[in-house]
Amino acid sequence: MGFRMANLAGQAVLLDGKDYWALGTDPMDALSRPRELRHRWARRGAPGGRAALTDLGPPVPAPRQVFGYGLNYMDHIEEIDRVDSMGRAVSEAPVVFTKFPACLVGPAAPVKLVGDRCDYECELVAVIGAEARNVDESGAWDRVAGLMIGQDISDRALQTAASPPQFSLGKSRESFGPVGPALVSVELVDDPDDLAISCQINGEMRQNSRTGLLMRPVAEMVAYLSSILTLQPGDLIFTGTPGGVGHARGLYLQPGDVIRSEIEGLGVMENTCAAPQHH
Ligand code: ZN
C-alpha cells in the first residue's frame, strides 16, 4: 500500500509513471486524507490519461510552513568553508531557515534567474502528513506523509548581502522552489533514510550523494521542529544539500541551463533557467 500523488493543473491526481487518475479534488485537500489516497491507489484500475512532466505543478502547492535545513552534509560544509573561509564549525544547534511557500513551482517549471549568482541545491523534501507536536524520533516517520525532490534555488548575492547572512529571502525568490514530480508515500520508498541523490547541470554531474549521509536525518529534524512548534499536514522540510553546489566553484546558473534533479524512488525533475528580467 502507498500512493504517488501529483498536481495536474491544480487538481490532485495519482501518478504512476506517466499514467494518472484524477481524484476530483485539489492537492492540499487530498493530502489531508492520506487513508483515502492509499485506498484509491490500491483500486486505481484503468488510468484517466497520461501526463507529461511539464503538465505538473508542485505536489504540495500551499503548505503553511516550509523549513530549510542548512549545512546538513559534511562535504557541503567543507566546500562552503573553503569558499567563505569563515572557519565554520559544525553547529551545535541545527541551522534552519524559511523558504516562503509562494516560491514553490512544479518539477519542470522555469527557474527565473536574478542577477548572476543564482545556485542550485538538490534536496530530499519531507512532507508532513499528520500533526506533530513534541514527537520523539521513534515516532517521527509516522508523521511524514511522504517524500519528494526539491531544489533549494539560492541567490548567493542576496544571501550574503546582510551581515550576519540571511538565508530566507535569497531562497524565496519567485520560482526558487521547484518540487516534485510527485509526493511518494514513505512505504513506496525502499529505504527512506538512504536514497541516492544527484543533480546534473546540462548533463554534467555536479552533486552525487546519498541521503544516508544527512548529519541530522529526517526523524531528528521532525522531532526537533516539533519541539518548537506544531507541524501540520502539508508542511515541508527541505533537508539540506550535499556537496557540489555551484558557489563552491564559482559556477553559477546561466540562462538556458537545464537543472536535472534525481532521487532514487522519487523520480526526476528538469528545470530550465530563464534569463533575468530587466525592467
Ligand atoms: Zn538548501
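How many nonpolar, polar and charged residues does the lining of the second largest pocket have? I opened the notebook with that count. The lining has 10 nonpolar residues, three polar and two charged. I note at the outset that this is a predicted model.

**Entry: the second largest pocket**

I looked up the volume next. The second largest pocket holds about 270 Å³ of space. Its lining is made up of 15 residues, and those closest to the centre are Leu15, Gly17, Leu53, Pro181 and Gly267. I then asked which strands contribute. Strand E14 (177-185) and strand E19 (267-274) each supply at least two lining residues. E14 gives the most, with three residues.

Pro181 made me look at E14 again. Pro181 is placed in that strand, and it is among the residues closest to the pocket centre. A cis peptide bond joins Gly180 to Pro181, with omega about -10°.

**Entry: the other cis bond**

I noted a cis bond at Pro164 as well. The bond between Ser163 and Pro164 is cis, with omega about 0°. Pro164 sits in the loop between helix H5 (156-159) and E14. For background, most peptide bonds are trans.

**Entry: the five-stranded sheet**

I followed E19 from the pocket into its sheet. In what order do the five strands of the open sheet run? The order is E9-E19-E18-E15-E16, and the pairing is mixed. Strand E9 (111-112) and strand E16 (204-210) are the edges, each pairing on one side only.

I went through some of the pairings one by one.

- E9 and E19 are parallel, with two bridges. Val111 has Cys273 of E19 as its bridge partner.
- E15 and strand E18 (residues 258-263) are antiparallel, with five bridges. Here Ile197 stands opposite Ile263 of E18.
- E15 and E16 are antiparallel too, with six bridges. Ile201 is bridged to Glu204 in E16.

A reminder to myself: strands of a sheet pair through backbone hydrogen bonds, either parallel or antiparallel.

Is strand E15 (residues 196-201) largely enclosed or largely open? I checked burial along the strand. Five of its six residues are buried, so E15 is largely enclosed by the rest of the structure.

**Entry: the hairpin turn**

E15 and E16 form a hairpin with two residues between them. I stopped at Asn202, which lies in the loop between these strands. Its phi is near 50°, a positive value in a residue other than glycine. Asn202 counts as partly exposed because its relative accessibility is 48%, in between the limits of 20% and 50%.

I noted a positive phi at Leu71 too. Leu71 is not a glycine, yet its phi is about 50°. This residue lies in the loop between strand E6 (66-70) and helix H3 (74-84). Its relative accessible area is 22%, so Leu71 is partly exposed. For context, most residues other than glycine have a negative phi.

**Entry: the zinc ion**

Which protein residues are donors of the zinc ion? I found Glu121 (OE), Glu123 (OE) and Asp152 (OD), at 1.9 to 2.1 Å from the ion. Along the chain the donors follow the spacing E-x1-E-x28-D. I checked burial for the two glutamates. Glu121 and Glu123 are both buried. I keep in mind that water is not among the atoms, so the site may look incomplete.

**Entry: the cysteines**

How many disulfides does a search of the whole structure find? I got zero. I then looked at individual cysteines. Cys103 is in no disulfide, and the nearest cysteine sulfur, that of Cys118, is 13 Å away. Cys103 counts as buried, because its relative accessibility is 1%.

Cys122 is in no disulfide either; the nearest cysteine sulfur belongs to Cys199, 5.3 Å away. The cut-off for a disulfide is a sulfur pair within 2.5 Å. Cys122 has 0% relative accessibility, so it counts as buried.

**Entry: points to revisit**

I marked three places for a second look on screen. One is Pro181, in strand E14 and after a cis bond. Another is Asn202, in the turn of the E15 and E16 hairpin. The last is the zinc ion with Glu121, Glu123 and Asp152 as its protein donors.

Key: Residues are numbered from 1 along each chain as its sequence is written. This is a predicted model: local features need pLDDT of at least 70, side-chain atom pairs count only at pLDDT 80 or more; totals for chains, interfaces and linings use all residues. Side-chain values use heavy atoms; hydrogens and water are left out. On a 1 Å grid over the protein atoms alone, a cavity is a set of points where a 1.4 Å probe fits but cannot get out, and a pocket is an open set with protein on both sides within 12 Å along at least five of seven lines; lining residues have an atom within 4 Å of a point. Grid points are joined across faces, edges and corners, and a volume is the space filled by probe spheres set on the points. Helices (H or I, at least four residues) and strands (E, at least two) are DSSP runs, numbered from the N terminus. Ala, Val, Leu, Ile, Met, Phe, Trp, Tyr, Cys and Pro count as nonpolar, Asp, Glu, Lys and Arg as charged, and the others, Gly among them, as polar. Two strands pair if DSSP finds at least two bridges between them. Donors are N, O and S atoms within 2.8 Å of the metal (3.2 Å for Na, K and Ca); water is not among the atoms, so sites may look incomplete. Buried means under 20% relative accessible area, exposed over 50%, partly exposed in between (1.4 Å probe, protein chains only).
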